[in-house]
Amino acid sequence: MASGILGQAAPSATTNTTVYTVPASTVSVVNVNIVNRGASAATVRIALAAGGSPTNAEYIEYDTSVGAKQVLERTGLALNAGKQVVIYASSADTSVSVYGLEDAA
């Protein structure tokens with residue numbers, strides 16, 4: 001069983017970035033933390049998606065404002081094998097961490 005940090009990224013602005021993919025034959029419970037390192041607010045999106053280009057139904061946050069030097073955190077997200085945590089941010093001044101637990105399905 002893997003635990004701890006499962007994925008990290010500093011995504012490019014206005015680009016969908018897959019930060020974590022649940023391995024085959026695995027289930028995961030994860031937390032997603034997005035930090036805005038910038039001097040002005042950024043808007044972010046979080047999707048729990050089947051692929052790198054999320055559908056409308058896969059977003060759990062959409063254009064949510066994260067103030068300068070602030071954080072957005074979503075916790076206790078249960079994901080099945082193959083699901084991806086996809087992040088989009090309006091600014092390149094964001095850092096994303098996905099951490100939690102993986103276990104065999």
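**Exercise 1. Place Thr17 in the fold and decide whether it is buried or exposed.**

Solution. Start with the location.
- Step 1. Thr17 belongs to strand 2, which covers residues 17-21. The model used here is a predicted one.
- Step 2. Take the cut-off: a residue is buried if its relative accessible area is under 20%.
- Step 3. The relative accessible area of Thr17 is 19%, so Thr17 is buried.
- Step 4. Now list the partners. With neighbours within four places in sequence left aside, Thr17 makes contact with Ala9, Pro11, Ser12, Val85, Val86 and Ile87.

**Exercise 2. Do the same for Leu72, and find how far its C-alpha atom is from that of Ile87.**

Solution. Use the same order of steps.
- Step 1. Leu72 sits in strand 6, residues 71-79.
- Step 2. Its relative accessibility is 14%. The limit for buried is under 20%, so Leu72 counts as buried.
- Step 3. Residues up to four places away in sequence are not counted. Leu72 then touches Val32, Asn33, Ile34, Val44, Ile46, Glu61, Thr64 and Val66.
- Step 4. Ile87 is 15 residues from Leu72 along the chain. The two C-alpha atoms are separated by 12 Å.

**Exercise 3. Which strands pair with strand 8, and in what sense?**

Solution. Take the pairings in turn.
- Step 1. Strand 1 (residues 3-9) is joined to strand 8 (residues 94-104) by 6 bridges. These two strands run antiparallel.
- Step 2. Pick one bridge from this pairing. Gln8 has Ser97 in strand 8 as its bridge partner.
- Step 3. Strand 3 (residues 26-36) also pairs with strand 8. The sense is antiparallel, and there are 11 bridges.
- Step 4. Again, pick one bridge. Asn31 has Tyr99 in strand 8 as its bridge partner.
- Step 5. Keep one rule in mind when you view strands: in a regular strand, side chains alternate between the two faces of the sheet.

**Exercise 4. Find where Thr14 and Lys69 lie, and give the phi of each.**

Solution. Begin with the background.
- Step 1. Most residues other than glycine have a negative phi.
- Step 2. Thr14 has a positive phi, near 55°. Its place is the loop between strand 1 and strand 2.
- Step 3. Lys69 is not a glycine, yet its phi is positive, at about 60°. Lys69 lies in the loop between strand 5 (59-66) and strand 6.
- Step 4. Check the accessibility of Lys69. The cut-off for exposed is over 50%. Lys69 has 58%, so it counts as exposed.

**Exercise 5. Describe the whole protein chain: its elements, its dimensions and its contacts.**

Solution. Count, then size up.
- Step 1. The protein chain has 8 strands and 0 helices. Read from the N terminus, the order is β-β-β-β-β-β-β-β.
- Step 2. Compare the radius of gyration with the globule rule. The protein chain has 13 Å, close to the 13 Å that the rule gives for 105 residues, so it is as compact as a globular protein of that length.
- Step 3. The C-alpha trace spans about 40 × 25 × 20 Å along its principal axes.
- Step 4. Of the 105 residues, 42% count as buried.
- Step 5. Take contacts between residues at least 6 apart in sequence. Of these, 81% join residues at least 24 apart.
- Step 6. Turn to the surface. The protein chain exposes about 5,100 Å², and carbon and sulfur atoms supply 49% of that area.
- Step 7. Finish with charge. There are 5 positive and 7 negative charges, and their mean positions are 7 Å apart.

Methods. Residues are numbered from 1 along each chain as its sequence is written. This is a predicted model: local features need pLDDT of at least 70, side-chain atom pairs count only at pLDDT 80 or more; totals for chains, interfaces and linings use all residues. Side-chain values use heavy atoms; hydrogens and water are left out. Two strands pair if DSSP finds at least two bridges between them. Helices (H or I, at least four residues) and strands (E, at least two) are DSSP runs, numbered from the N terminus. The radius of gyration is taken over C-alpha atoms; the globule rule is 2.2 Å times the number of residues to the power 0.38. Buried means under 20% relative accessible area, exposed over 50%, partly exposed in between (1.4 Å probe, protein chains only). Contact means heavy atoms within 4.5 Å. Accessible areas come from the Shrake-Rupley method with a 1.4 Å probe; for residues, only the protein chains shown count as cover. Lys and Arg count as positive and Asp and Glu as negative; His and the chain ends are not counted. The place of a charge is taken as NZ of Lys, CZ of Arg, CG of Asp or CD of Glu.
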